[in-house]
Amino acid sequence: MGLLAVIAAAAAAWIFGAGYYMALSKPWVAASGVPVDESGRPAGGARPMPFFLSAVAMLLVAGMMRHIFSMAGIASVGAGVVSGLGVGLFFIAPWIMINNAYAMRPFRLTLIDGGYAVAGAAIIGAVLTLF
């Protein structure tokens, strides 16, 4: 049951991320500095590797969060959401901020990517506690 919960939680966060980044595609492209073609889409078209890597990353995050939740006795949906928010807000988003600061990226990119980290981790936390 644990593996199924991890896969479901990772999938839920990954699917949310697809919608999140589609909604914020224009500001994200502008803030990230990704080269675009004349239509405003990333130059060279979509490549599958980032999608694959993001799915693997979601599995890793969900797997570790499940381990932490199990060790801490986090079992209710409310506690899962709050704990997920904490993971995103106090672990992942600050690390994104560090990386973006040293790469001299706009703070707006940190807000966009950090927002996904917070919401995605909260979704993982909710789904993990539903199983």
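# Exercises on Core, Pockets and Rings

The largest nonpolar core comprises 17 residues, and those with the most contacts inside it are A9, M58, A62, M65, I124 and L128. The exercises below concern a predicted model.

## Exercise 1. The nonpolar core

Determine which elements each supply at least two residues of the largest nonpolar core, and list the contacts of M65 beyond its neighbours within four places in sequence.

*Solution.*

Step 1. Begin with the core of 17 residues, where M65 is among those with the most contacts. At least two residues of this core come from each of α1, α3 and α5.

Step 2. Set aside the neighbours of M65 within four places in sequence; M65 is then in contact with G84, V87, A121, I124, G125 and L128.

Step 3. Compare the two lists. I124 and L128 appear among the contacts of M65, and both are also named among the core residues with the most contacts inside it.

## Exercise 2. The largest pocket

Give the volume of the largest pocket, and describe its lining by residue, by element and by class.

*Solution.*

Step 1. The volume of the largest pocket is about 1,300 Å³.

Step 2. Its lining consists of 33 residues, and G17, Y21, W28, P50 and F51 lie nearest the centre.

Step 3. Assign the lining to elements: two or more residues are given by α1 (2–23), α2 (25–32), α3 (48–72), α4 (77–102) and α5 (107–130).

Step 4. Sort the lining by class, which yields 20 nonpolar, nine polar and four charged residues.

## Exercise 3. The second largest pocket

Carry out the analysis for the second largest pocket, and state which element gives the most to its lining.

*Solution.*

Step 1. The second largest pocket holds about 160 Å³ of space.

Step 2. Eleven residues line this pocket, and A5, R66, L128, T129 and F131 are the closest to its centre.

Step 3. The elements giving two or more residues to this lining are α1, α3 and α5. Of the elements, α3 gives the most, with three residues.

Step 4. By class, the lining has seven nonpolar residues, three polar and one charged.

Step 5. Relate this pocket to the core. L128 is one of the residues closest to the centre of the second largest pocket, and L128 is also named among the core residues with the most contacts.

## Exercise 4. Aromatic pairs

Characterise the aromatic pair of Y21 and Y116 by geometry, by position in the chain and by the accessibility of each partner.

*Solution.*

Step 1. A pair of aromatic rings is described by the distance of the centres and the angle of the planes. The structure holds six aromatic pairs. In the pair of Y21 and Y116, the centres are 5.4 Å apart and the planes make an angle of 70 degrees.

Step 2. Planes over 60 degrees apart count as edge-to-face, so the pair of Y21 and Y116 falls in that class.

Step 3. Y21 belongs to helix α1 and Y116 to helix α5, so the pair ties together parts that are 95 residues apart in sequence.

Step 4. Y21 has a relative accessible area of 24% and is partly exposed, whereas Y116, at 13%, is buried.

Step 5. Place the pair in its setting: ring pairs link F16, Y20, Y21, W28 and Y116 into a cluster. Two members of this cluster, Y21 and W28, are also named among the residues nearest the centre of the largest pocket.

## Exercise 5. Helix α2 and the positive phi angles

Identify the buried residues of α2, and examine the positive phi angles of G33 and M104.

*Solution.*

Step 1. V29, A31 and S32 are buried in α2. The cover over the buried residues of α2 includes α5.

Step 2. G33 follows α2 and has a positive phi, near 80 degrees.

Step 3. M104 is not a glycine, yet has a positive phi of about 60 degrees. M104 is located in the loop between α4 and α5.

Step 4. The relative accessible area of M104 is 74%; exposed means over 50%, so M104 counts as exposed.

## Exercise 6. Sequence and spatial separation

Set the sequence separation of three residue pairs beside their C-alpha separation: A79 with G125, A75 with F131, and P48 with F69.

*Solution.*

Step 1. A79 lies in helix α4 and is partly exposed at 27% relative accessibility. A79 and G125 are 46 residues apart along the chain, with their C-alpha atoms separated by 8.0 Å.

Step 2. A75 is in the loop between α3 and α4 and is exposed at 57%. A75 and F131 are 56 residues apart along the chain, and 9.1 Å separates their C-alpha atoms.

Step 3. P48 lies in helix α3 and is exposed at 65%. P48 and F69 are 21 residues apart along the chain, and their C-alpha atoms are separated by 32 Å.

Note on methods:
Residues are numbered from 1 along each chain as its sequence is written. This is a predicted model: local features need pLDDT of at least 70, side-chain atom pairs count only at pLDDT 80 or more; totals for chains, interfaces and linings use all residues. Side-chain values use heavy atoms; hydrogens and water are left out. On a 1 Å grid over the protein atoms alone, a cavity is a set of points where a 1.4 Å probe fits but cannot get out, and a pocket is an open set with protein on both sides within 12 Å along at least five of seven lines; lining residues have an atom within 4 Å of a point. Grid points are joined across faces, edges and corners, and a volume is the space filled by probe spheres set on the points. Helices (H or I, at least four residues) and strands (E, at least two) are DSSP runs, numbered from the N terminus. Ala, Val, Leu, Ile, Met, Phe, Trp, Tyr, Cys and Pro count as nonpolar, Asp, Glu, Lys and Arg as charged, and the others, Gly among them, as polar. A nonpolar core is a set of buried Ala, Val, Leu, Ile, Met, Phe, Trp, Tyr and Cys residues joined through side-chain atoms within 4.5 Å. Buried means under 20% relative accessible area, exposed over 50%, partly exposed in between (1.4 Å probe, protein chains only). Contact means heavy atoms within 4.5 Å. Rings of Phe, Tyr and Trp (its six-membered ring) pair if their centres lie within 6.5 Å; planes under 30 degrees apart count as stacked, over 60 as edge-to-face and the rest as tilted.
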